[in-house]
Amino acid sequence: MSDAASAVRWLLDQTEPEARRVAVQQIAKVHGSEGPELLLRALGDEDWRVRKEGTVVAPTLDRREEVVAALVAALEETYNIGLRNAAVEALIAVGPDAVGATIETLPRLDSDARKLAIEVLGGIPDTRATTALARALADEDPNVRGTAAESLGGAARAGEESREVAIQALIAALATTDVFLKIAALESLARLEAGLPWAVFEPFAADPLLRRYAIAAAAGSREPEAVAALARATGDPSPTIAREALVALGDTAFECEIGHPLLECARDALLDTASARENARRAAAGGDDTRARAGALLALGLLRSVDDVASIVDALGDDDVAERAELALRLFGPAAVTPLLSVARDSKAPVRAAALSLVASLEGAGVAEVRQALRDALKADSVDVVASGVESLGQLGDAADLRRVASLVWHTDERVAATATNAVAELGARHVTAARALLHESRPGQDPVVLACILLGAIASTQPLLDDDIRVLERALAHDDPQVRRAAIDALAQAESDAAAEAVTFALSDEEHEVKLAAVRALGRLGRPEPLVDLLADARDADLAATTLRALADASPKIALEAARPLVTQPDAAIACAAVAAIGQLQLDAVALVPPGHGSSVSPAASLLPSPLSSAREDVLFSALGHPDLAVVKLALSVLGQKPGPRALARLGLCLDHAEWEVRRAAAELLGQAKTPTEQGLLRARFERERDPTVREAIAAAVSVRPSADGARSSAFAESMRAAPLGAIAGNAGSASSPSKAGGGGGKVGE
Amino acid sequence: MRRQTASGDGIALKPEEFRLLRDLFASRAGLNFGPEARFAIERRLRERLLVLKLHDFADYHHYLRFGAHAAEEWDEALDLLTTNETYFFREERQLRGFAEELLPMFHAQMLARGKRRLVIWSAGCSTGEEAYTIAILVHQSGLFFPRRSTILDSGPSPSLTTPSAFGAPAESPSALWDVRIYGSDISRRCVAAARRGTYTEASFRATPENLRRSCFRACDGGWQVTEPIRQLCHFGQMNLLDEDRTRVFGKADVIFCRNVLIYFDTKARKTAIEVLYDRLNPGGVLLLGHSESLLNVSTAFELLHLREDLVYRKPISAQGPNPALDDPT
């Protein structure tokens with residue numbers, strides 16, 4: 001017996017549970033055949049904390065085959081229930097390596113143990129497990145069949161292929177006479193969002209026991225018959241079924257564009273159903289069931305009764321259902337305007353503000369009536385209402401409204417002032433003559449430069465600025481309020497003149513960070529790369545570097561790539577991330593190499609970078625893969641993985657042997673999207689060697705996921721890297737990754 | 001135990017800490033502090049230790065190098081170390097030479113070349129007094145009638161901002177000049193103060209009363225520079241040693257860099273002079289403080305003798321970088 005095993009054994013004999021729990025942690029240090037035996041002893045402990053520790057340790061042990069065999073054998077335990085349940089949990093923790101042995105042992109197990117084995121298979125995302133679960137739907141034991149059906153509801157975790165297998169098996173199971181199996185199958189189909197034809201569920205809708213589940217499962221269907229059935233079910237005498245139908249109908253309506261034929265189909269069915277309106281009104285009145293209320297509001301929107309406008313408007317003030325309430329009112333169309341404004345006038349400020357915004361955006365509404373309501377709102381006491389009125393007047397107002405809104409630019413409430421600024425910009429762009437007239441008006445006690453910047457920005461968006469205009473904006477650049485300087489820069493950015501560019505270039509030295517960033521962006525828009533390159537020469541500020549690189553990309557992608565090249569290997573991970581992200585943004589299907597506004601003799605075809613990434617860009621990203629900070633490496637991987645060419649795929653393959661598990665997992669997910677035989681071979685080969693359960697899971701999913709037509713099911717890693725703001729990525733840069741996540745060998749790649 | 005009062009009085013700058021900070025400021029900002037500056041640095045930076053809850057100046061040195069907000073702290077430190085009291089119309093004799101000899105000279109030269117653009121850089125402008133002084137002198141010279149927008153100045157009462165108020169015929173825009181006075185300083189706080197253009201009595205110790213009345217107006221915080229003068233001035237934050245960043249305003253005809261080089265060590269001084277030389281148009285002039293010279297620093301400039309002063313001129317034939325500067329390394 002080894003010393004480590006002796007020590008663990010001695011500790012496991014202690015009466016104190018905490019001592020035994022600590023002992024379990026040490027089992028990972030026991031090498032040899034004693035490990036599995038000690039693990040089973042831990043899993044059979046009388047204290048749940050000790051057993052729990054055992055399930056955590058299980059996937060880290062050597063001799064995995066022996067461990068799995070021991071755990072599978074424990075499923076047959078009939079005396080120690082704690083051991084049996086812990087074995088299930090431990091096998092799930094071991095993951096795909098436990099699947100084969102569990103399937104093999106199924107025929108030898110009694111019904112209780114088979115049920116447990118099915119639970120194991122349901123807990124591991126693996127296509128082999130899904131197939132075994134599908135077979136188990138025909139098991140002789142009803143409990144095993146029911147558990148298999150329930151487990152299949154989670155098959156999508158193992159990829160599209162597993163999901164399809166599960167759906168087909170569950171549909172077949174609906175033919176059974178076993179009612180509980182049918183219920184489980186219907187529930188799992190709903191969880192899988194199978195989107196099946198209504199004909200599949202229709203036979204069960206008449207069955208009092210199955211009706212509820214059939215209605216829920218039909219929620220994903222976009223067939224008129226299914227939607228009509230849902231609408232009719234909202235009037236069901238059973239509150240449970242009516243509630244289920246309201247929720248499902250609401251979800252369906254929420255996903256439809258206004259004017260979609262399904263909405264009219266639902267409306268017709270609702271009108272034909274006696275209790276539908278009554279049930280919807282009851283559910284819409286409030287209560288704790290937010291989902292039912294949300295569905296009911298949309299049902300009332302479909303029914304379009306003016307009597308219901310007040311209750312729907314009231315729901316605008318409830319954040320949980322406001323979005324559905326807004327859609328419900330939109331379903332009314334222009335007919336909602338008059339009652340809506342009437343109700344909103346006496347409502348609380350937030351409701352009135354929301355109602356005004358809504359009315360202003362209703363297609364077909366009478367402009368005169370809406371404008372008057374918005375102008376009235378400017379005199380309200382509530383800043384919420386004023387801001388809402390100003391915002392909407394920006395979209396709907398006429399030339400006369402420009403002066404009204406302009407007077408609010410200096411409002412003491414920041415939100416009103418900001419909204420007024422935007423509204424002036426919108427109105428000014430539409431009514432240039434009125435904007436120019438306003439420029440020459442004096443307002444005692446108010447700084448004219450503020451309004452001038454906004455108006456000139458608006459004018460510049462529609463026509464070239466005059467020299468006189470540029471001088472006003474230059475004057476504004478000397479203003480002591482940074483907001484004014486920013487507004488001036490934004491206006492100058494549209495001027496496309498040397499004088500404007502000169503003024504904006506000097507603003508790069510502004511002492512306020514925000515103003516400096518505005519100047520950087522403006523130079524990008526003006527197509528002036530030179531000062532931006534100077535700015536990157538000694539980059540110390542990641543935020544500034546990121547903005548500068550993005551602006552450079554606007555001005556000249558080619559120069560941006562050259563400027564980013566030295567930055568991706570900078571020790572400061574935040575700056576390196578900024579550079580990699582900038583290169584990622586260059587990765588378009590076709591990127592113009594010529595700065596905007598600069599004439600060129602290059603042909604349109606020759607002036608575009610090819611996709612996938614050009615070699616130069618790939619080389620820069622490859623060098624980022626050698627960065628010591630994982631955040632940089634992962635970001636570079638995600639960029640490379642977006643549209644990888646052969647060289648990038650080869651480099652991703654090398655990353656499967658990276659020392660860090662996070663990098664290996666990311667590489668696996670990205671390679672999984674390629675779906676070529678070479679990459680699949682690389683993944684399968686790595687799967688054999690990979691010990692880290694997270695990475696193994698990623699590889700398993702990567703080799704099983706079928707690419708969907710619209711690419712909607714892309715990897716979680718790719719999604720997370722795309723969704724994460726640069727600041728978040730840079731903020732994590734330098735943080736330690738999981739140090740104990742040891743796995744395959746190999747050093748850093750890309751060096 | 002170390003005594004520490006609310007103002008951090010008890011924290012002393014030890015000799016070895018002084019050396020660390022001195023070397024750091026020299027390498028990052030080119031600032032040169034002799035042994036005599038130790039107590040001034042201690043006095044000026046002590047409040048930062050209190051704010052940052054640091055125990056000693058060694059911790060502060062570490063914070064400046066590796067702290068999470070080191071960049072912001074550099075702004076604070078440079079504000080405290082480089083902010084020096086200044087005032088309008090400082091070094092009157094040199095300003096007289098500028099107004100009475102240099103401005104007419106540039107006016108004539110530019111007219112001869114058909115160029116109506118005058119760019120002046122006040123490098124190390126502190127809180128803006130020098131830049132505004134230059135603007136007042138340009139204004140008072142009556143030679144350069146700046147182009148201005150009429151958009152915001154067409155109210156009922158004519159102001160100084162209209163060309164006619166400068167004495168130029170409003171109907172002849174081609175006679176107007178593009179005048180730009182750029183002020184720069186390494187201190188963020190100084191640049192913000194310069195932008196505000198509001199000054200207390202101490203800044204007016206050498207200002208003629210008639211100019212104070214015509215170019216300033218009383219306000220809450222003291223006296224504010226009037227709009228026509230402010231419009232000529234543009235302020236920005238920059239390190240004189242950062243050549244890339246100083247390119248943001250093209251080339252200048254006149255550079256005032258007075259009492260700035262005295263803070264630099266030899267290497268930084270050479271770098272700064274190289275930057276100034278590069279930023280000057282051929283024929284442009286550099287004005288240093290009365291105690292400063294380019295002796296042993298640069299032979300690229302030629303001396304221009306004014307009636308009461310000496311200034312440095314970039315040869316009209318000069319092209320490209322300063323050929324007579326030694327490699328600072």
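**Entry 1: strands β1, β2 and β6 of chain B**

I began with β1(B) and β2(B), which run parallel and are joined by seven bridges. I note at the outset that the model is predicted. To fix the register, I looked up B:Arg117 and found that its bridge partner in β2(B) is B:Asp178.

I then turned to the pairing of β2(B) with β6(B), which is also in the parallel sense, over five bridges. Here I recorded B:Asp185, which stands opposite B:Gln237 in β6(B).

How many of the residues of β2(B) are buried? I found seven of the eight to be so, and therefore describe the strand as largely enclosed by the rest of the structure.

**Entry 2: a three-stranded sheet in chain B**

I next examined an open sheet of three strands in chain B, whose order is β3-β5-β4 and whose pairing is antiparallel. Which strands lie at its edges? I identified them as β3 (198-199) and β4 (216-219) of chain B, each of which pairs on one side only.

I looked up the contact of β3(B) with β5, residues 222-225 of chain B, and counted two bridges in the antiparallel sense. For B:Thr198, the bridge partner in β5(B) is B:Gln224. I add as background that strands of a sheet pair through backbone hydrogen bonds, either parallel or antiparallel.

**Entry 3: chain B as a whole**

I recorded 11 helices and 10 strands for chain B. The chain has 329 residues, of which 41% are buried. Of its contacts with a separation of 6 or more, I found that 75% join residues 24 or more positions apart.

**Entry 4: where chain B touches chain A**

I looked up the interface and found 30 residues of chain B in contact with 26 residues of chain A. On the chain B side, at least two residues come from each of β2 (178-185), α7 (188-196), β6 (233-237) and α10 (243-246). Which element gives the largest share of this side? I found it to be α7(B), with five residues. By class, this side of chain B holds 10 nonpolar, 10 polar and 10 charged residues.

**Entry 5: two residues of chain B with positive phi**

I keep in mind that most residues other than glycine have a negative phi. I therefore noted two exceptions in chain B, taking B:Glu91 and B:Ser126 in turn.

B:Glu91 is not a glycine, yet its phi is positive, about 60 degrees. I located B:Glu91 in the loop between α4 (70-82) and α5 (92-113) of chain B. It counts as partly exposed because 19 C-beta neighbours lie inside 10 Å, whereas a buried residue needs 20 or more.

B:Ser126 has a positive phi near 50 degrees. I placed B:Ser126 in the loop between β1 (117-123) and α6 (129-141) of chain B. Is B:Ser126 buried or exposed? I recorded it as buried, because 25 other C-beta atoms lie within 10 Å.

**Entry 6: A:Leu61**

I moved to chain A and looked up A:Leu61, in the loop between α4 (48-57) and α5 (64-74) of that chain. I class A:Leu61 as buried because 22 other C-beta atoms lie within 10 Å. Leaving aside residues up to four places away in sequence, A:Leu61 touches A:Ile27, A:Ala28, A:Gly35, A:Leu39 and A:Val67. I also noted A:Lys29, which is 32 residues from A:Leu61 in sequence and 8.2 Å from it in space, C-alpha to C-alpha.

**Entry 7: helix α12 of chain A**

I examined α12(A), residues 179-191, which has 13 residues. From its first C-alpha to its last, α12(A) reaches 18 Å, close to the 18 Å expected at 1.5 Å a residue. Among its buried residues I listed A:Leu181, A:Ala185, A:Leu186 and A:Leu189. Against which helices do the buried residues of α12(A) pack? I found α10 (142-152), α11 (160-173), α13 (198-205) and α14 (211-217) of chain A. After α12(A) comes A:Glu193, with a positive phi near 50 degrees.

**Entry 8: helices α15 and α17 of chain A**

I closed with α15 (residues 224-233) and α17 (residues 261-272) of chain A, which pack at an angle of about 35 degrees with their axes 8 Å apart. I recorded the crossing as right-handed. From α15(A), the residues that meet α17(A) include A:Val227, A:Ala228 and A:Ala231. On the α17(A) side, I noted A:Leu262, A:Cys265 and A:Ala266 among them. The residues of this contact comprise nine nonpolar, no polar and one charged.

Note on methods:
Residues numbered from 1 in each chain as written. Chains lettered and ligands numbered in written order. Predicted model: local features only at pLDDT ≥ 70, side-chain atom pairs only at ≥ 80, totals over all residues. Pairing = 2+ DSSP bridges. Helix = DSSP H or I, 4+ residues; strand = E, 2+ residues; numbered from the N terminus. Contact = placed C-beta atoms within 7 Å. Nonpolar A, V, L, I, M, F, W, Y, C, P; charged D, E, K, R; others polar. Buried ≥ 20, exposed ≤ 12 C-beta atoms within 10 Å, placed from the backbone. Expected span 1.5 Å × (residues − 1). Axes fitted to C-alpha atoms, helices over the stretch in contact; angles between N-to-C directions. Left-handed = near helix turned anticlockwise from the far one by under 90°.
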